[in-house]
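These are my notebook entries on a structure that I had not examined before. I set down what I looked up, topic by topic.

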Amino acid sequence: PRIDDEELKQFGLDVSAWERQAGTEKATTRVPEELLERVWGSPSVTVHGIRSSADFEAAAISGNATAHFSIRIPAGMNPDQVAEATVRHLQSNFEAFKTPNKLEINVTQKAPGFAVRAGSQLHAAISRAVKRSRKVGPENARLGGAIPVAAFLSAASPESEVLVLPIGGKTDNAHGHESISRQDLHYGTRTFALILEELSRL
C-alpha cells in the first residue's frame, strides 16, 4: 500500500543530505516524496553473509555454500506471501541453470511490518515530550517498523497504540557492537520522564 502523500511531505526530506548519509553519489529521484516512498514503502533485501565449505582453501572447489539474508517489508504487506514469492523466485532461477546441484531454502522467521497511527493523542503527547526534551520535534521516520514485537503487540491489543521510540544516535551501531553516548542516555531518560508526564494529562 502506498504511503499517504501528506505524511511524506511533512517529513521534509533533504535529498542531498540523504545521499551523503546513504553513501551514494546520486539518488534515483530528486523528488523527496518519491524517494521516501521507495525507501519506506518498498521491501528491501539485506545479505548478511555468504559462507562456503572452502572458505580458507583458495584452490579448492567448494562442495556447498550458504547464504543468509533478510527482507524488510513495509506495513501492509503479508509476510507469508512475501516468503512464498521469494522461494518461488529462487527456485525458478535455480532451475534455469539446469545444474545437478541442489538448492535448499529455509525460512526461519516471518513477521509483519508495522507503522504507527500518526496524529493520535498518544502520538501528539509523545511528540510534545520529545520537543520539550530536545528542543526540536521528532522525526516521524518509518524506521524500526520491522521489529516483530511492535506488530505483535499491536495485533494482540488492537485498541491500544504502539510507538517505537529510539533514544540513541546514528553512530550507535545498532545490531552489532552497540553503544550509546552519555548525552543520548541523559536526553533519553529525560524524554521518557516527560512522556509519562504528558500521558498523565490525557
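The entries below concern a predicted model and go through its cores, one helix, a buried acidic residue and two loop residues.

**Entry 1: nonpolar cores.** I began by asking which residues form the largest nonpolar core. I found seven: L8, L13, V15, A27, L35, L36 and W40. Helix α3, residues 32-40, gives the most to this core, with three residues. I also noted a second, separate core of six residues, which includes L122, V130, L194 and I195. Returning to L35, I listed its contacts, leaving out residues up to four places away in sequence: L13, V15, W18, A27 and T29.

**Entry 2: aromatic rings.** I searched the whole structure for aromatic pairs and obtained zero. I did find a charge over a ring: the charged end of R134 sits over the ring of Y187, 4.2 Å from the ring centre.

**Entry 3: helix α5.** I asked what span the 14 residues of helix α5, residues 121-134, should have at 1.5 Å a residue. The expected value is 20 Å, and the end C-alpha atoms are 20 Å apart, so the two agree. I then recorded the buried residues of α5, which are L122, H123, A125, I126, S127, A129, V130 and S133. I noted for myself that an α-helix has 3.6 residues a turn, so residues three or four places apart point the same way. The cover over the buried residues of α5 includes α7.

**Entry 4: D184.** I located D184 in helix α7, residues 182-200. Is D184 buried or exposed? Its relative accessible area is 13%; because the limit for a buried residue is under 20%, D184 counts as buried. Not counting residues up to four places away in sequence, D184 touches R134, I167, G168 and G169. For D184 and G169 I noted a separation of 15 residues in sequence and a C-alpha to C-alpha distance of 7.2 Å.

**Entry 5: positive phi.** I recalled that most residues other than glycine have a negative phi. I nevertheless noted K98, which is not a glycine and has a positive phi of about 50 degrees. K98 lies in the loop between α4 (79-96) and α5, and is exposed, with a relative accessible area of 73%. I noted K135 as well, also not a glycine, with a positive phi of about 65 degrees. K135 follows α5 and belongs to the loop between α5 and α6 (148-156). With a relative accessible area of 66%, K135 is exposed.

How values were computed: Residues are numbered from 1 along each chain as its sequence is written. This is a predicted model: local features need pLDDT of at least 70, side-chain atom pairs count only at pLDDT 80 or more; totals for chains, interfaces and linings use all residues. Side-chain values use heavy atoms; hydrogens and water are left out. A nonpolar core is a set of buried Ala, Val, Leu, Ile, Met, Phe, Trp, Tyr and Cys residues joined through side-chain atoms within 4.5 Å. Buried means under 20% relative accessible area, exposed over 50%, partly exposed in between (1.4 Å probe, protein chains only). Helices (H or I, at least four residues) and strands (E, at least two) are DSSP runs, numbered from the N terminus. Contact means heavy atoms within 4.5 Å. Rings of Phe, Tyr and Trp (its six-membered ring) pair if their centres lie within 6.5 Å; planes under 30 degrees apart count as stacked, over 60 as edge-to-face and the rest as tilted. A charge sits over a ring if NZ of Lys or CZ of Arg is within 6 Å of the ring centre and within 35 degrees of the ring normal. The expected span of a helix is 1.5 Å times one less than its number of residues.
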